[in-house]
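Trainee: Could you walk me through how to read this one? I'd like the general idea each time, then the case in hand.

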Amino acid sequence: MAHHSRQLILLLLFKLQNSNMEKEFTIRYKLIQEQHLAAVEQNLYDEAVAALEKSYSPYSNFKVACSILLENGAVVSGANQEVASYPVSLCAEGVALSAASSLHPGKGIQAMFIVTKNSTGIIRETVAPCGVCRQRIVEYETRQGKSISIYLLANTSNVVVFNSAKDLLPFAFDSHHLPIKNV
Ligand code: THU
């Protein structure tokens, strides 16, 4: 009897150790109709569209612009800056983030609006930031201890809003994984 129950326990332990648990998570985002944007959001959108003119993209002919709303209400924008040695080029998001933290040091970032344009005009589909830029935005979120809303255009006349860069970069690597504290 004792022998049997020991066998049963071992079997259960084996099953527990070997049961693969399937997990899932959900990414929530909002779809807002363009005409329903709040004034501050509309302004951020307009600033991003205007910043497309700052793009220097003779190699890709793909303009990207990013406007940033800071906690003090200031708006800063940037556009992609290409280099003949292609990988050296700067993405719009990185340019805008660097401009924001240089012009308004220590001021938190509330939101960013990213728009793209090719030879046919502003692209009305969801063009999301590249992986490197997602990592950059996560860094700013970690720095300020607050998430950043990311606005992108969608098809038709909708705008997509993510609450955080982490929604675009699940399982993100950040400073918490490093031994250095008090950064
Ligand atoms: N680009 C950005 O500015 N942001 C992104 O998130 C994706 C790509 C730029 C880099 C390059 O100048 C052009 O788009 C084509 O890759």
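**Reading exposure, backbone and ligand shell**

Mentor: Val49 is partly exposed, at a relative accessible area of 27%. On this scale buried is under 20%, exposed is over 50% and partly exposed is in between, with a 1.4 Å probe and protein chains only. Keep in mind that this is a predicted model, where local features need pLDDT of at least 70, side-chain atom pairs count only at pLDDT 80 or more, and totals for chains, interfaces and linings use all residues. Residues are numbered from 1 along each chain as its sequence is written, and side-chain values use heavy atoms, leaving out hydrogens and water.

Trainee: Which helix holds Val49?

Mentor: Val49 lies in α2; helices here are DSSP runs of H or I with at least four residues, strands are E runs of at least two, and both are numbered from the N terminus. From the C-alpha atom of Val49 to that of Ala99, 50 residues apart along the chain, there are 17 Å.

Trainee: And where does Ser98 lie?

Mentor: Ser98 belongs to helix α3, residues 92–103, and is partly exposed too, at 38%. Its C-alpha is 21 Å from that of Phe62, with the two positions 36 residues apart in sequence.

Trainee: What should I make of a positive phi?

Mentor: Most residues other than glycine have a negative phi. Asn61 goes the other way, with phi near 55°. You'll find Asn61 in the loop between α2 (39–51) and β2 (63–70), and it is exposed, at 54% relative accessible area.

Trainee: What is the phi of Thr156?

Mentor: Positive, about 50°, although Thr156 is not a glycine. Thr156 sits in the loop between β6 (149–153) and β7 (158–162) and is exposed at 58%.

Trainee: Now the ligand: which residues surround it?

Mentor: A residue counts as near if one of its heavy atoms lies within 4 Å. Here the shell is Ser60, Phe62, Val64, Asn80, Glu82, Cys91, Ala92, Glu93, Pro129 and Cys130. By class, that's 6 nonpolar, 2 polar and 2 charged residues. For the classes, Ala, Val, Leu, Ile, Met, Phe, Trp, Tyr, Cys and Pro are nonpolar, Asp, Glu, Lys and Arg are charged, and the others, Gly among them, are polar.

Trainee: What distances separate ligand oxygens from N or O atoms of the protein?

Mentor: In the side chain of Glu82, an N or O atom is 2.4 Å from a ligand oxygen. For Ala92 a backbone N or O atom does the job, at 2.8 Å from a ligand oxygen, and a backbone N or O atom of Cys130 is also 2.8 Å from a ligand oxygen. On its own the ligand has 380 Å² of accessible area, and the protein covers 75% of that.

Conventions:
Polar contact = N/O pair within 3.5 Å; in protein donor to acceptor, adjacent residues only side chain to side chain. Areas by Shrake-Rupley, 256 points an atom, 1.4 Å probe, with all protein chains shown as cover.
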